[in-house]
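Colleague: I'd like a close look at a single helix in this one, then a walk outwards to whatever else is worth seeing. Take your time over it.

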Amino acid sequence: MNELENVFFSIIRSAIGTDKTVESVQLTEKQWIDLFEISKKQGLSAVVFEEIIAHDNNMPFAVKMEWAFHVNHIKERHEKQLAVTQQLAEFLGEKDIKMLLLKGNGLALYYPHPELRECGDIDIYCFGDYDKVNQLIVNEGVEIDEEDSKHAHFFFKDVAVENHRMFNYELNRANKIVSRELMAHFDENPVTDSRIPNVFFANLNINALYVMMHTLNHLPWSGIPVRNLVDWTLFLKENHERLDWNYLGNIWKESGLLNAVVILSEICKNLLGCKWFGLNVENMIKTDDYQYVMYYIMNPWVQSSATKNKFKKVQRKIDQYYRHKKMHFIVYQEPFPDSLLGTLFRYAFRIKKKEDY
């Protein structure tokens with residue numbers, strides 16, 4: 001960790017309320033530019049900016065204007081996504097379809113200022129009505145892409161939506177075990193929040209499994225930003241006393257994911273001030289594994305460029321695996337992890353319905 005990264009994490013801790021020691025931020029012009037880039041790369045530029053301007057700082061005017069413009073775009077995107085999420089839930093509700101909201105704007109609700117949490121697509125699961133939802137969207141004249149085995153992709157009022165057929169790809173033992181739990185219990189005691197009417201959220205234990213599984217699935221392939229760790233920290237801060245830690249621990253142990261869950265949670269503890277991980281894992285973490293994961297979170301690898309060629313996608317997956325096979329083993333505890341052959345088969349030999357993107 002260098003000096004600027006320490007500043008970055010101190011600002012994040014102050015912003016999420018785990019450590020309120022930041023009183024002033026004084027940097028050189030180059031450091032301000034670099035801090036802006038770090039914050040963007042880690043998906044937390046709006047959170048960092050709003051916390052900085054709440055304190056004494058010497059941010060150069062040009063950097064402040066560019067950063068403020070970037071943050072304003074994030075806020076506008078959040079508001080549009082929030083409105084469209086409600087409209088989609090109402091549209092489906094009129095057809096007696098319940099909508100479960102995953103990740104994104106649901107996790108944003110745990111932030112002190114939800115509008116500052118950057119979000120991508122709107123991810124939904126509709127309680128087994130996957131095909132019915134897709135047909136309704138097609139009936140509205142919207143083009144839909146059902147190529148992916150996990151979810152369909154479409155635009156609703158110009159906002160990207162992923163309608164999930166399943167919660168995870170089931171290409172390895174870990175995913176199959178967690179998916180078994182998600183599918184068995186996702187509809188037990190669903191949660192609502194008045195800030196997003198007509199929308200359901202999974203119960204807390206299932207949400208914990210899903211959020212962590214989604215994060216771990218990204219870690220070996222494309223990496224994760226610090227935003228994912230902030231999500232986990234704030235989720236635990238709000239809900240740790242209501243989680244069934246024996247149940248969660250048993251599932252993570254059975255799936256082989258406990259090692260990776262503990263590493264990420266320990267990073268949250270050390271860098272984000274998270275004090276709410278409820279499992280006794282003393283002396284479990286390997287120092288080398290911890291440092292390896294920490295390095296690749298702060299220094300994400302450059303991904304291969306997007307391509308329409310499906311065989312180049314296979315080549316990209318092979319490249320990602322061989323460059324980061326140690327990360328696969330840390331996460332999945334398998335000698336040939338993430339069922340690489342299954343992944344390659346899915347990319348190379350599936351019958352395509354739409355042009356690759």
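**A covered helix and its surroundings**

Modeller: Let's start with what sits over α11: the cover on its buried residues includes α1 (3-16), α8 (204-221), α9 (226-239), α10 (245-255), α12 (287-298) and α14 (325-332). Bear in mind throughout that this is a predicted model.

With that many neighbours listed, how many of the residues of α11 are buried? The count is 12 of 15, so the helix is mostly covered, taking buried as under 20% relative accessible area. From the start of α11, the buried run goes Leu-258, Asn-259, Ala-260, Val-261, Val-262, Ile-263, Leu-264 and Ser-265. Further along, Ile-267, Cys-268, Leu-271 and Leu-272 are buried too. If you're hunting for a pattern, remember that residues three or four places apart on an α-helix point the same way, because there are 3.6 residues a turn.

As for its dimensions, α11 covers residues 258-272 and reaches 20 Å from first C-alpha to last, close to the 21 Å expected at 1.5 Å a residue. Right after α11 comes Gly-273, and its phi is positive, near 75°.

Keep going along the chain and you get to Ile-285, in the loop between α11 and α12. This residue comes back to the helix: its C-alpha is 6.5 Å from that of Ile-263, although the two are 22 residues apart along the chain. Setting aside residues up to four places away in sequence, Ile-285 touches Val-262, Ile-263, Glu-266 and Tyr-290. Two of those partners, Val-262 and Ile-263, are on the buried list for α11. Is Ile-285 buried or exposed, then? Neither, quite: its relative accessibility is 25%, and the partly exposed class runs from 20% to 50%, so Ile-285 counts as partly exposed.

Now back to the cover. Two of the helices named there, α8 and α9, also pack on each other: their axes come within 11 Å and cross at roughly 165°. That is over the 145-degree cut-off, so α8 counts as roughly antiparallel to α9. The crossing of α8 past α9 is left-handed. On the α8 side, the residues that meet α9 are Leu-204, Asn-207, Ala-208, Val-211, Met-212 and Thr-215. Facing them from α9 are Asn-228, Trp-232, Phe-235 and Asn-239.

Just upstream, the loop between α7 (173-185) and α8 holds Pro-197. Pro-197 is another residue worth clicking on, with partners far back in the sequence: its C-alpha and that of Ala-89 are separated by 8.2 Å, with their positions 108 residues apart along the chain. Leaving out neighbours within four places in sequence, the contacts of Pro-197 are Gln-86 and Ala-89. Its relative accessibility of 34% falls between the 20% and 50% limits, so Pro-197 also counts as partly exposed.

For another helix pair to set beside α8 and α9, try α2 (residues 29-41) and α3 (residues 45-52), whose axes come within 7 Å and cross at roughly 140°. That angle makes α2 and α3 oblique to each other, because it doesn't get past 145 degrees. Trp-32, Leu-35, Ser-39 and Lys-40 make the contact from α2, and Ser-45, Val-48 and Ile-52 make it from α3.

There is a sheet to look at as well. Its 5 strands run in the order β3-β4-β7-β6-β5, open and with mixed pairing. At the edges are β3 (100-102) and β5 (144-145), each pairing on one side only. The partner of β5 is β6 (residues 151-156), joined to it antiparallel by 2 bridges. Ile-144 stands opposite Phe-154 there, and 5 residues separate the two strands of this hairpin. On to β7 (residues 159-164): 6 bridges join it to β6, again antiparallel, with Phe-155 opposite Ala-160. The hairpin of β6 and β7 has 2 residues between the strands, and there Lys-157 takes a positive phi near 55°. Like the helix we began with, β6 is mostly covered, with 5 of its 6 residues buried.

Zooming right out, the chain has 15 helices and 7 strands, and 56% of its 357 residues count as buried. Of the contacts with a separation of 6 or more, 71% come from residues 24 or more positions apart.

Conventions:
Residues numbered from 1 in each chain as written. Predicted model: local features only at pLDDT ≥ 70, side-chain atom pairs only at ≥ 80, totals over all residues. Heavy atoms only, no water. Helix = DSSP H or I, 4+ residues; strand = E, 2+ residues; numbered from the N terminus. Expected span 1.5 Å × (residues − 1). Buried < 20%, exposed > 50% of the residue type's maximum accessible area, 1.4 Å probe, protein only. Contact = heavy atoms within 4.5 Å. Pairing = 2+ DSSP bridges. Axes fitted to C-alpha atoms, helices over the stretch in contact; angles between N-to-C directions. Parallel < 35°, antiparallel > 145°, perpendicular 65-115°, else oblique. Left-handed = near helix turned anticlockwise from the far one by under 90°.
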